[in-house]
Every structure is written in C-alpha cells, then in structure tokens.
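Student: I would like to take a close look at a single part of this protein and then see how that part relates to its surroundings. Could you guide me through it step by step?

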Amino acid sequence: MKTFLRTFILPGCLFLFACSKGVDGKQEEEIPFGQDEVRKQLSFSDLPERSKTLIVSGTGTYVNLMENQRPKLPDFRSLDRNPNILRGFVKDIFGRPVKNAEVGVRSSIAGGFYSSATGLSDQNGYYEVNIPVGNTEIWGSKVTIEYQGGRAFVSLFPADSTLSEFRSSDGAVKNFVLLPYGNGRPDEIAKAPQWPTSYVGGSIHLSYNLRTETLPLPGSFPIGSVIVVKLMPVDLVHAEERITFIIKKEVLNNSRNFGL
C-alpha cells in the first residue's frame with residue numbers, strides 16, 4: 001500500500017490530508033489533520049500558586065484533594081466508524097497531539113480465550129488498530145513520558161469518560177487524553193468516593209501507631225494530637241496551577257490510618 005501526503009494552504013489555515021491507495025489503485029478514505037486549537041502551557045515557575053487546607057474529620061479515613069477538579073479536555077474532530085478497526089486521536093490537555101501512545105484491544109469469541117492487538121499514535125496523534133474477530137474491549141492505553149530524569153508510564157483517559165465493549169465487526173472510534181489528574185469516574189465516586197482508583201493521579205495512604213501509657217511506641221501519636229501533612233509540588237506534568245495542600249488529621253482512639 002502506498003501513502004501520499006497532500007497539503008492545502010488557505011488564508012490563515014493549513015490542512016494536511018493523509019490518503020492511501022490500495023493495491024488496486026483505488027483511493028481510500030482521507031483523514032484530515034488540520035491545525036486544532038492548542039492552548040498555551042505555562043512553565044512550572046510561571047504557574048499561578050495557591051494554598052489549600054483540608055481537614056480529615058473525626059473518624060474520617062480519607063480526604064479528596066482533587067474534589068471535582070478535572071482539566072478542560074480538548075476537542076476532537078469527527079471520524080466515521082470502520083468495520084474491524086478501532087481508531088481515534090490522542091492529545092494532551094492543551095490540545096497537542098501525543099505521539100507513540102499505545103492503545104491495546106482484546107477480543108474473544110467464546111470460552112474466555114482472547115486475541116489481542118495494539119496500535120501506536122503517529123505525529124498527528126492518530127492511531128488505528130486492526131481488531132481481532134469477536135467481542136472486543138480496550139484493555140490498555142498508555143504513553144511513556146520523560147519525568148525527573150527517568151521514564152514513566154502514564155495511562156490515557158477516554159475523552160468521553162467511558163470504555164465499553166463492542167463487536168469487532170462494527171468497529172469503533174475512541175479518542176484519548178493524556179490527563180495528569182482529576183475526577184476520573186464520576187459514577188463510581190458518587191457511590192464510593194474513598195477509592196483512589198476512581199481518580200486520575202496519585203494517592204497516599206498513611207498509617208500510624210497510638211501512644212498510650214502502657215505502650216509508648218517511638219514515633220507514635222497520643223490521642224488528641226493532630227497530624228499535619230504538607231504537600232508542596234516541586235515539579236508538575238501538564239499542570240495549570242501549583243497548589244500546596246495542608247492536611248490535618250486529629251488522632252482518635254479508633255483511627256490509625258487515612259488516605260489522601
């Protein structure tokens with residue numbers, strides 16, 4: 001299969017169209033890669049700063065630092081569904097295409113045996129996966145980023161907030177966002193807000209010992225004391241502000257841990 005690239009220049013616009021010709025010479029679908037809206041990203045030192053104090057109440061065992069926050073997701077151009085193909089775009093929260101993002105699917109016809117396939121996004125953030133025959137689900141989507149002198153795998157977030165099974169014969173379109181933090185699964189959070197898996201980003205779990213007259217353990221806390229945790233960002237990935245969190249937790253007789 002031969003691939004060609006055509007460029008069209010209009011006043012104030014640049015549009016690229018990738019098109020392919022099959023072995024029989026027929027032209028296949030053209031996919032427009034225009035200049036989507038891209039928001040400016042500020043450097044870490046220029047991000048607006050604020051501080052926030054949160055209280056882990058009485059017998060509470062967690063505090064939701066993110067609350068209902070979620071960065072504004074970018075817009076995606078429309079694509080038609082093609083039989084036996086999963087495709088879409090991958091962007092970051094600023095609207096920039098994400099290259100080399102990996103999207104994996106697996107399909108099963110019967111008996112729990114799966115066939116899998118993956119696709120990588122190109123310089124335009126566009127990817128395609130040839131779907132194995134059967135009932136299909138997206139089992140993984142991630143990208144590798146450079147962070148603090150190392151490499152880290154970051155999961156991608158579905159732009160419509162859902163991942164559902166579909167028939168391979170129907171094909172599907174699914175766009176993803178490199179989302180660094182936020183409210184990931186509102187339906188699950190409404191039922192059980194304490195579960196960190198419903199959020200995008202990290203979580204911290206702290207355990208401590210109670211100090212009593214009969215058990216004065218080193219590093220333990222007496223009942224009635226207050227544990228203060230301060231979280232101050234030293235670096236951020238795709239952030240829009242810097243927030244220093246101060247979390248306070250009163251030590252009670254029936255609480256020995258809490259999560260952030």
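Student: Where is the place of Arg 87?

Tutor: Arg 87 has its place in strand E5, which covers residues 85-92. Please keep in mind throughout that this is a predicted model. Arg 87 counts as buried because its relative accessible area is 1%, and the limit for that class is under 20%. Arg 87 also has a partner from another part of the sequence: Val 129 is 42 residues away along the chain, yet the two C-alpha atoms are 6.3 Å apart in space.

Let us now look at the loops on either side of this strand. The loop between E4 and E5 contains Asn 84, and the loop between E5 and E6 contains Asn 100. Phi of Asn 84 is near 65°, a positive value. Asn 100 likewise has a positive phi, near 65°. As background, most residues other than glycine have a negative phi. Asn 84 has a relative accessibility of 36%, so it is classed as partly exposed. For Asn 100 the figure is 46%, and it too therefore counts as partly exposed. Both classes follow from limits of 20% and 50%, between which a residue is called partly exposed. Arg 87, by contrast, is buried.

Beyond the second loop comes E6, with residues 102-108. This strand is mostly covered, since five of its seven residues are buried. E6 pairs with E7, which spans residues 114-120, in the antiparallel sense over seven bridges. Within that pairing, Arg 106 has Ser 116 of E7 as its bridge partner. E6 also pairs with E9, residues 135-147, again in the antiparallel sense and over seven bridges. Here Val 105 stands opposite Ile 138 of E9. A general point helps when you inspect such strands: in a regular strand, side chains alternate between the two faces of the sheet.

On the other side of the loop that holds Asn 84 lies E4. This strand belongs to an open sheet of three strands in the order E4-E21-E20, with mixed pairing. E4 (49-56) and E20 (226-231) are the edge strands; each has a single partner strand, so one side of each is left without a neighbour in the sheet. On average, neighbouring strands of this sheet are turned by 15° against each other, direction ignored. E4 and E21 pair in the parallel sense over eight bridges. One of the residue partnerships joins Val 56 to Lys 249 in E21.

Thr 244 offers a view from within this sheet, for it lies in E21, residues 242-250. Thr 244 is buried because its relative accessible area is 15%, which falls under the 20% limit. Leaving aside residues up to four places away in sequence, Thr 244 touches Arg 50, Ser 51 and Lys 52, as well as Lys 230, Leu 231, Met 232 and Pro 233.

Next, consider the side chains that meet aromatic rings. Three aromatic pairs are found in a search of the whole structure. One of them joins Tyr 127 and Phe 176: the ring centres are 6.3 Å apart and the planes are at 50°, so the pair is tilted. This pair links distant parts of the chain, as Tyr 127 belongs to E8 (residues 126-130) and Phe 176 to E14 (residues 176-178), 49 residues apart. Both Tyr 127 and Phe 176 are buried. Charged groups meet rings as well. The charged end of Lys 91 sits over the ring of Phe 76, at 4.9 Å from the ring centre. In another such arrangement, the charged end of Arg 242 is placed over the ring of Phe 44, 4.7 Å from the centre of that ring.

Finally, we may step back to the whole protein. It contains one helix and 22 strands. Of its 260 residues, 35% count as buried, and Arg 87 is buried too. Among contacts with a separation of 6 or more, 60% are between residues 24 or more positions apart. The accessible surface comes to about 15600 Å², and 53% of it belongs to carbon and sulfur atoms.

Technical notes:
Residues numbered from 1 in each chain as written. Predicted model: local features only at pLDDT ≥ 70, side-chain atom pairs only at ≥ 80, totals over all residues. Heavy atoms only, no water. Buried < 20%, exposed > 50% of the residue type's maximum accessible area, 1.4 Å probe, protein only. Helix = DSSP H or I, 4+ residues; strand = E, 2+ residues; numbered from the N terminus. Pairing = 2+ DSSP bridges. Phe/Tyr/Trp six-rings, centres within 6.5 Å; stacked < 30°, edge-to-face > 60°. Lys NZ or Arg CZ within 6 Å of the ring centre and 35° of its normal. Contact = heavy atoms within 4.5 Å. Areas by Shrake-Rupley, 256 points an atom, 1.4 Å probe, with all protein chains shown as cover. Axes fitted to C-alpha atoms, helices over the stretch in contact; angles between N-to-C directions.
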